[in-house]
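Open the model in your viewer and keep the sequence panel beside it. This tour goes from single residues to a pair of helices, and then to the whole chain.

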Amino acid sequence: MKEEAIKAPGSTIKQYSIMLQNRVGALTALLGLLDMHGIFCLGFSMQDCHEATIARLIVSDPERTSEIFLEKGICYTESGVLVAVLRHGPADLKKCLDALYVAEMNVNFLYPLLPCVGRGSLVALHVEDLNFGRTVLNSSGIKVLFQQDLSRNAFHPKLPLCGGLCFPLFLAE
């Protein structure tokens, strides 16, 4: 019998890390560039030092973002992250971190995604083994999203947009 690989129901969410000069307007210019192409920043984290800043971004269209960065000569790195749905806010954050702790998984960094009123909270987590992390969180009752859940074409057309985006799919279930 031939073994077949189990296909994941979606692709891993990509995070971009970009080094920006620590200058007034640097982040605004980056987000403006994305906005010109209809790409929304769904979440970001900044790590600041005196001369440079590392911006970590999760966007609505990662493929087009990569193309734009290459066209414009913007240096970046990509990494996968887990985006967990926190239906009950802080209580679910502790539940999420407790589950990863019990599984002896280190969280390298985490940050919230931009909120959408009435839709719950999302948090991005970077762990060494994304598949194992997804399994641990799902087994603990924490829903983990895929890129398709965050992409523009996944949004229900009848829901109002909230700051550009709403996340109708992650509350179903």
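Leaving aside its neighbours within four places in sequence, which residues is Cys-41 in contact with? Select Cys-41 and show the side chains around it. The model on your screen is a predicted one. The contacts of Cys-41 beyond its sequence neighbours are Leu-31, Leu-57, Ile-58, Val-59 and Leu-114.

Now colour strand 2, which covers residues 41–48; Cys-41 lies in this strand. Is Cys-41 buried or exposed? Its relative accessibility is 16%, and buried means under 20%, so Cys-41 counts as buried.

Keep Cys-41 selected and add Leu-114. In sequence, 73 residues separate the two. In space, the distance from C-alpha to C-alpha is 8.3 Å. You can draw this distance in the viewer.

Next, select strand 3, residues 52–59, and find Arg-56 in it. With a relative accessible area of 17%, Arg-56 is buried, because the cut-off is 20%.

What does Arg-56 touch, not counting residues up to four places away in sequence? Show its surroundings in three steps:

- Select Gln-15, Tyr-16 and Ser-17, which are among the residues that Arg-56 touches.
- Add Gly-43, Phe-44, Ser-45 and Gln-47, also among the residues touched by Arg-56.
- Finish with Phe-109 and Tyr-111, which Arg-56 touches as well.

Clear the selection and move to a pair of helices. Two packed helices are described by the angle between their axes and by the distance between those axes. Select helix 3 (residues 90–102) and helix 4 (residues 130–139), which pack at an angle of about 125 degrees, with axes 9 Å apart. That angle makes helix 3 oblique to helix 4. The crossing of the two helices is right-handed.

Which residues meet where helix 3 and helix 4 pack? On the helix 3 side, select Cys-96, Ala-99 and Leu-100; on the helix 4 side, select Gly-133, Val-136 and Leu-137. Of the residues in this contact, five are nonpolar, one is polar and none is charged.

Finally, zoom out and show the whole protein chain as a cartoon. The chain has five helices and seven strands. Follow them along the sequence and you will read the pattern β-α-β-β-α-β-α-β-β-α-β-α. The chain has 173 residues, of which 43% count as buried. Among contacts between residues at least 6 apart in sequence, 70% join residues at least 24 apart. Switch on the surface to end the tour: the accessible surface comes to about 10,200 Å², and 56% of it belongs to carbon and sulfur atoms.

Notes. Residues numbered from 1 in each chain as written. Predicted model: local features only at pLDDT ≥ 70, side-chain atom pairs only at ≥ 80, totals over all residues. Heavy atoms only, no water. Axes fitted to C-alpha atoms, helices over the stretch in contact; angles between N-to-C directions. Helix = DSSP H or I, 4+ residues; strand = E, 2+ residues; numbered from the N terminus. Parallel < 35°, antiparallel > 145°, perpendicular 65-115°, else oblique. Left-handed = near helix turned anticlockwise from the far one by under 90°. Contact = heavy atoms within 4.5 Å. Nonpolar A, V, L, I, M, F, W, Y, C, P; charged D, E, K, R; others polar. Buried < 20%, exposed > 50% of the residue type's maximum accessible area, 1.4 Å probe, protein only. Areas by Shrake-Rupley, 256 points an atom, 1.4 Å probe, with all protein chains shown as cover.
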